[in-house]
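I opened this entry to keep track of what I look up. My notes follow in the order in which I made them.

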Amino acid sequence: MTPPPRRRRVTRLLSLLPQSRRESLVAAVTVGGLVATALLKEILTDLALELLPLWILLIVTVPPVVIFWLRRRHAPGGVPESPPLTFPPPAERLVGRDEAVRQVVHRVEARGLAVVQGSKGLGTSAVAIAAAWELEPHTARQRYADLRGQDRGRPEPALSVARRTLGVLGLQPGAVETLDAAAALVGDALRTSGHTLLLDNVQEWTQVAWLPRAPAVRIVVAGLLDGTPVEEDPIPIGSLSEEDGLALLRAKVTENPGRLTSADPLPRSFLRNPVIVLTIAAWLDRNATMRVADLAGELRARPSDADVLATVRRRLSHGLSPHAARLLSVLAHLPVEEVATGTLARVAGLSERDTGDAIRVLLDNCLVERPRSPSRVRAVDGAALIVDPPRDRAAVTRALAGQLAAQADAHSRRLPEDEGARRWFAAEDTALLKVLDDAAPGASAYDVWRIGDALETWFNTQHRQTDRLDAARRLAAAARRLKDREASVVAELRCADVGLALGVVGSASRHVARAFESLPAKAHPPQLHLARAAVHLTTQEDLTVVEAELARYRQALPSGDVQGLAVARVNIGALLLSGDALDSRRVQDAHRLLGAVAASAGDGVDPGTKAHATELRALADWRLGKEQEARAGWRRAAAMFRRAGEPVGEGRCTVHLGTSLVASDAAEAARLLRAGRARLPRTGVPTALACLYLARLDPGQADEHVTAGLAALVPWDDVSEPPYIGDIRRRLEELATIPS
Amino acid sequence: MRDEPLLFAVTPRMDPRAPATWSSHGRWAGWGYLLPAVAVMTAVLVAPLAMTVIESLRFPDAYRTLVTAADFWLPLRNNLIWMGFALVACALGLGLALLARDVGGRLRRVLTAALTVPAVVTPLAAGITLRLIFDFRPERGLTGGGAREGYLLGPGWIWLLLGMAFVWQWTGVAFLVFREGLGRIRGDLLRVARVFAPGRWSRARLVLIPALFPTAAVAGLIVLIAATRAFEIVLVAVPGSIQDQVDVLGLYWWRQSDVFAPGEREALGVLLFLIPATAALLLLWRLRRDLPPPGETGGTGRTGETGARGPGRVARAASALVAAVWLTPIAVLLLTSLRDPVGAARSGVRAAGHGFASYAEALRDGSFLDALTPTATRSLLVAVLVVLLAVPAAYGLTYAGMRRRAGALVVALAAALATIPPQAVAVPLGRVTDRLVGGPVTLSLVHTALVLPLAVLLLRNAFLSVPRPVVDRPLAQGHSAFRWVVEARLPAVVTVAVLAAVFTWNDLIVSLLLNWPAADQVPLVIWQQAREFATSAGPLAAESVMAGAVPVVLVLATGRWLTQGLTQGVAR
């Protein structure tokens, strides 16, 4: 076994240091108390010297032990293990579904994609899994993803499904911004690897409509699949025949199966639904002396399968132990769909052992399910209807927020390098967003802060700009509900930041204005002035405002904030390079200023800011007529952005480089522009410029590029567009009218 | 359209950090972090010092009687001579730091180790070593072979011995500080100097010396305080017959303690504090004026460890020579300890025969062994307490929202308290702790309080050099950045712990003033042995080697951390 790296050991040791007021107080009281006791003891006795090692031992060991104990009580849960990539094990005995399985296999072999559609409880997944095993018996070539999301009633968005699919196939999902790009990548991966892909529990067709279709790929999708078009020819999974249902019931009842041999008074129609059969089997196993007839009377009065299921489950829930009942009640009424068992234990206030025992009981009674990760658990559908919410529901919800916030905080500090932290966020990011949505007055603003910050870090490292915007908006809404002005301003600033990155300038401007209004002028943080400067720099409405706001930003920075000063200088450089009339003296000033930032030593300035300065300095070189220097600068800046983990910056520099070669080396320019565009978001000025020059260089696909370019120029709503945006738009439209 | 100029996007840079100015802890949180350290320093240093001052003022004639006494001026003059030694050590440290820039990495490490080892052995061992080399009996001393009897330890020449012992011990510290300071001189400054300043001297005068002033002030402060506190070296290295001629104020206070007129002892204690405290505050004031604001040091490119030229042959040879010279006393001590006790007493290092008889002799009566455990446990306890108190205090002074002016005041106070000599607080402390001092905790608290101000200053500087992004995020959340700051500056914390442990291990004066005659401290045992220097050179050398081995091993084992820690600690 490899020993843990020294840095981690040190970090573990350091984790024993107090981190909060409460822990500091405990440590101080413990140390102070021990020292005082030691002094007292010396006065009272002459035996101190003999007992010295004991006192030393106590003073050195007790505070860390106390802190460790405290920390353990509030420690974030472990990292969820990676869900297995292979298909789940096939059902031991799949009754009455042979024809459906055969159809699925045939459909995949003919078209590359089979859609298995059926309501919950009918065994849709079981059919898809059996067919997938038949298509690919080698586990090394199996790939599986369960699309049940964290958010009840809100299916996972298609882009998120696409990213998840890419992750399952071993591809880097972060930088993919469009479904078309994802489809191409998935198709390539499946073709070259020979993997068979099974996407289970798909709620809506739109979640998987983007999947590639080709004979060389093998994909099975299964689930409710609402809205599947007829031309996709889904394979429906209907009810079982009554005989098959009875056979399934007989196969599942292990305790006293003789009860089923007599004349069966159970309404036959209930036997057509496999999940009802399995639940009745669990009830019979729990009640070895009961007979089916004992249920029949009550079930006959139920109009629908759901009612029948709820009735049997309610009966099952009546005989549960207090721990199991508490756990079911908590789990069924949590705002999130599934949760790690450790978190559930803390939220429910039970020990880990009691929780484990209770979960086993609930699993045996078909009242909870395990998703693919064995450390996680979810209540069955409709569980909220059969058990009452816990009496302390508000406290449980707060505890869940606190637990998730602590875990998110701890894991976000390990991003982006730590694989475990990435896995944790991949499993929980939807739950975190849901907690932000559900934060009601009375919730802890501190938890909301931490969750918002952790999500910002996670989405930022994944370069998921739209998700960043979504998280920031939810944080802003939560902060408004909790009346936390500072959190609200941070969220608005983030919205503005993403808005500017995506070219949604009108929205960015509104967010900045809202942030300004929510705090008195004295309390405006420096970032607010910077955001306003950035908006005005983009709109070019009034460049004197940019200058003034940048000055305010610099003044508001805390003393010694080298990073902040560097950011201010980069923006002053950008200001000097903006505007219509550019004189060479301004450009030279910008060149000098940006050069100083780019060359700044030490770790005070982050690499991304230095890369940005290098990018703009290269632009200054270009404006001064030094083309070679400019290209070298952009190459250098692109490499710096790559090292800094900023693909958008890298894409921008690649587009600059491609643009600079449009006149001299068309082929290389087109290659660079394509490469750069792939790293940029769908919207924004750099994307529009990449499309503009691609349209010029590639007349065959000019229309496509022009359309994408115009779409990248998002309307600025109530903010008037500056001339350079109009210029880009005009050039794009001119290209569209030129016959190719 | 083909002729239209190419368009490029000019993208502004955002600052995604959460606003760092918000903290829910308020301005009093800083004082909360400082409180434990302030409580200990007040109880152990400030209150006894105040009592000393009050006691000295109760007798209006005390100061006049003291300064008009005939035997007062000689120790004062001698103290000035010690300050001269401090200047020599600093100059030598600077010279060696300049020299070390031009040699390769391995030789630089050897030179650093050779210069650092003397700094961490107890001053007693330094005194004993130099006395072994310059022993006045020609058949024993290393240098006395061809000399006239009594030549080297005559009353005048004794200063040579003392000076060399001090310079040998403290040049290493000055060297380390200057090496770091030279590394931090801005590269562009040197490039400009090379272009505009003609000649090496003008370059040094116009650029190097002004740029080095803050570093020189730090080095000067440390070495100056050591010089004003000179006590053990004089006590052990100078034969009893001529000790009164080389007395320093600290020693004079100790010798005359019982014969002073009322208030006179306290008045001298106050003077002993005021001299280095004034020097420290002056240096601190200059330091504040000359230093750029935190975070702006480093500028555009450090000069790096090596100069622009490659390693020079002359520099390499000189460095090797210096390393050899600096290691010679250690070798003499080691060789003497390996001689037969009788032979060592007669002929010193040049005696015939090897063996561990001197070690056996040193350990025979058990007093040395008995003192090892209490000394070690006390050192460990002090290291732990200093870290527990100094780390929160330094954090309180940096990122806990304390007002800048209040922080500056605390720093100035800490600098003044760092210079307090044990003599200035010993009498009231001894009176209050009379019944406690036999116990290890009380004495450890005294040691802790004496190390604490310097530890806080060192850690504060180290914490201030933590990159802003590390602290911004937790602070913006209204959360403490304590753990992240400590994690980022762990080497400085380790350095402080090691320095505290070494200080306590080597201490003689506190034990002598507060714990005498309970000889449960290693330096006390050695000092008692040193009273019979003429007959016990071998065992004394063996004890010095054993006592010195602990801090040397500790420092060498944590060398990488210490280098980083000192770099972070003197980085401003």
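I looked up the bridge partner of Gln117(A) in β5(A) and found Pro236(A). The model I am reading is a predicted one. Strand β5 covers residues 235-236 of chain A, and two bridges join β5(A) to β1(A). I noted that β1(A) and β5(A) run parallel.

Next I asked which strand is joined to β1(A) by five bridges. That strand is β4, residues 218-226 of chain A, and β1(A) and β4(A) also run parallel. For one pair of residues I wrote down that Val115(A) has Val221(A) of β4(A) opposite.

Is β1(A) enclosed by the rest of the structure or open? Strand β1 spans residues 113-117 of chain A, and four of its five residues are buried, so I entered the strand as largely enclosed by the rest of the structure.

Helices in chain A came next. I looked up α17 (residues 419-438) and α19 (residues 465-482) of chain A, which pack at an angle of about 30°. Their axes are 8 Å apart. Angles under 35 degrees count as roughly parallel, so I entered α17(A) as roughly parallel to α19(A). The crossing of the two helices is left-handed.

Which residues make this contact? From α17(A) I listed Leu433(A), Leu436(A) and Asp437(A). From α19(A) I listed Ala471(A), Arg474(A), Leu475(A) and Ala478(A). Sorted by class, the contact of α17(A) with α19(A) has five nonpolar and two charged residues, and no polar ones.

I then turned to chain B. Chain B has 25 helices and zero strands. I noted that 55% of its 572 residues count as buried. I also looked at contacts in chain B between residues at least 6 apart in sequence: 82% of these join residues at least 24 apart.

The last pair I looked up was α4 (residues 105-120) and α24 (residues 537-557) of chain B. These helices pack at an angle of about 135°, with axes 9 Å apart. That angle makes α4(B) oblique to α24(B). I entered their crossing as right-handed.

On the α4(B) side, I found Thr116(B), Val117(B) and Val120(B) in the contact. On the α24(B) side, the residues are Pro551(B), Val552(B) and Val555(B). By class, I recorded five nonpolar residues, one polar residue and no charged residues for the contact of α4(B) with α24(B).

Terms used
Residues are numbered from 1 along each chain as its sequence is written. Chains are lettered from A and ligands numbered from 1 in the order in which they are written. This is a predicted model: local features need pLDDT of at least 70, side-chain atom pairs count only at pLDDT 80 or more; totals for chains, interfaces and linings use all residues. Axes are lines fitted to C-alpha atoms, for helices over the stretch in contact, and angles run from 0 to 180 degrees between N-to-C directions. Angles under 35 degrees count as roughly parallel, over 145 as roughly antiparallel, 65 to 115 as roughly perpendicular and the rest as oblique. A crossing is left-handed if the near helix is turned anticlockwise from the far one by less than a right angle, and right-handed if clockwise. Two residues are in contact if their C-beta atoms, placed from the backbone, lie within 7 Å. Ala, Val, Leu, Ile, Met, Phe, Trp, Tyr, Cys and Pro count as nonpolar, Asp, Glu, Lys and Arg as charged, and the others, Gly among them, as polar. A residue is buried if 20 or more other C-beta atoms lie within 10 Å of its own, exposed if 12 or fewer, and partly exposed in between; C-beta atoms are placed from the backbone. Two strands pair if DSSP finds at least two bridges between them.
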